[in-house]
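I opened my notebook to record how the protein and the DNA sit together in this model. Entries follow in the order I looked things up.

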Number of protein chains: 2
Amino acid sequence: MNAINSLPADQVGSTAQRERRRRILAATIELATQGGFDAVQMRAVSERADVALGTLYRYFPSKIHLLVSALGTEFSKTATSLEGRTIPGDTPAERVLNVLGRNTKAMQRDPQLTEALTRAFMFADASVSSEIHSVGMMLTGVLVQAMNGDDTVEPSEDQVAIAKVIGDVWLSLLVGWVTGRHSADDVSRSMSVAVHLLLR
Amino acid sequence: MNAINSLPADQVGSTAQRERRRRILAATIELATQGGFDAVQMRAVSERADVALGTLYRYFPSKIHLLVSALGTEFSKTATSLEGRTIPGDTPAERVLNVLGRNTKAMQRDPQLTEALTRAFMFADASVSSEIHSVGMMLTGVLVQAMNGDDTVEPSEDQVAIAKVIGDVWLSLLVGWVTGRHSADDVSRSMSVAVHLLLR
DNA sequence: CACCAAAGTGGAACGTGTTCCTATTATGGA
DNA sequence: TCCATAATAGGAACACGTTCCACTTTGGTG
């Protein structure tokens, strides 16, 4: 299964529109990286992206849509960088932990960004379900690829089910980390426990 | 392990203060049940609880604290009702699914309330960690009790670890349901998959 | 009982997400 | 090329979470 690398909106519209969209998402990432969820203020995003506030809302109907879309584009970068690659590790569990560990480390490098994107993802309501769904698919796809070692094999239903459970656990732990309930070590340790339980 | 049945705040303060706190939480639950997260407006809560807005903020420093505390009191009711009881089911997996299924059904009965409480729980930041922690403990406690069949046995470390993973999966699925990504059936099915994988 | 500190009241005020409106600018088809 | 239409700019206005302030009530203490 290949990851869904681009949201539909990446392809549509004129060049100027794609460029505006790109600027908006870049501004979002920058602000989130610096100051987290609270720093991503719609007026600030629109100014930094050099776009009117109304235009920003035409592209992304809410702050949550904006942040979840930003998460989607970040995620698709990860997915793309893994595409066609063989993931190191001798067992499915090792490979999955390798991928998740890499991701977790990246998120620890930009804690504010992680906080912003994670909280948006978790706060999203039903109106954001399509964006959320695409993020979920990418996550599951990456995990299935890791379980198999590469992305050439068609995954079984069971594999997909297990990948979904692992993804769920990872998201919960991420929230725990963002919330300050778990340390980074807690996350790694619990993730290891869960993955070894699920992939034995 | 017995559940933590009451937050500290339940015990402190004068009778009038406990009564105010009770009214506030009751008003919160009522509004959430009717209209979900958005309907729990601080002005509305304060009016319905017959308390000044400033007083409401003295008791609960933010809307998120308020809703997470409400979740805590709801949860502690569940925990209390299970206390000392023997949970039906022949295997740990069956008993855990029994408890979770009962809870899931209750949440489906009041979808708006569930949406409000779940979103608050997930949106909470580090300033709410103590409230969140107490909810997490109750959830883990209930699950451990279910795994053992009753609450008379001291749980092992492994059991606690597994219970935490199960709790994480359940929370993620709940978010998925609230967000409209998963149907109620999806939740039951995935939960069953996860629990059978983890408790085999 | 008189008094003081703490708690509560009522409401104004502020910040930020969101909506709305008008004028201006791009865009694509006849 | 010119026009109709849509998209954008710029900014006012509104809603709700949150803070703050001046005043009143309450509850414990000498």
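I began with the helices at DNA strand D. In chain A, helix H1 (15–39) and helix H3 (53–59) each supply at least two residues of the surface near the strand. In chain B, helix H2 (42–48) and helix H3 (53–59) do so too. The largest share comes from H3(A), with three residues. I note that the model is predicted.

Next I listed the surroundings. I found 17 residues around DNA strand D. Ala52(A), Thr55(A) and Tyr59(A) are among the closest, along with Arg43(B) and Lys63(B). On the DNA side, sugar and phosphate make up 67% of the strand D atoms that come within 4 Å of the protein.

Then I sorted the residues of this surface by character. Seven are nonpolar, four are polar and six are charged.

I turned to the phosphate oxygens of DNA strand D. Thr55(A) has a side-chain N or O atom 2.7 Å from one. For the side chain of Tyr59(A), the corresponding distance is 2.8 Å. Val40(B) takes part through its backbone, where an N or O atom lies 3.4 Å from a phosphate oxygen.

Last, I compared the two protein chains. A turn of 179° with a shift of 0.0 Å along the axis lays chain A on chain B, at an RMSD of 0.1 Å. The two copies are thus related as by a two-fold rotation axis. I also checked the interface. Of the interface residues of chain A, 96% are interface residues in chain B as well, so the copies meet through the same surface.

Methods: Residues are numbered from 1 along each chain as its sequence is written. Chains are lettered from A and ligands numbered from 1 in the order in which they are written. This is a predicted model: local features need pLDDT of at least 70, side-chain atom pairs count only at pLDDT 80 or more; totals for chains, interfaces and linings use all residues. Side-chain values use heavy atoms; hydrogens and water are left out. Copies are superposed by least squares on the C-alpha atoms of residues with pLDDT of at least 70 in both. Contact means heavy atoms within 4.5 Å. A residue is near a molecule or strand if one of its heavy atoms lies within 4 Å of it. A polar contact is a pair of N or O atoms within 3.5 Å; within protein, one must be able to donate a hydrogen and the other to accept it, and residues adjacent in sequence count only if both atoms are side-chain atoms. Helices (H or I, at least four residues) and strands (E, at least two) are DSSP runs, numbered from the N terminus. Ala, Val, Leu, Ile, Met, Phe, Trp, Tyr, Cys and Pro count as nonpolar, Asp, Glu, Lys and Arg as charged, and the others, Gly among them, as polar.
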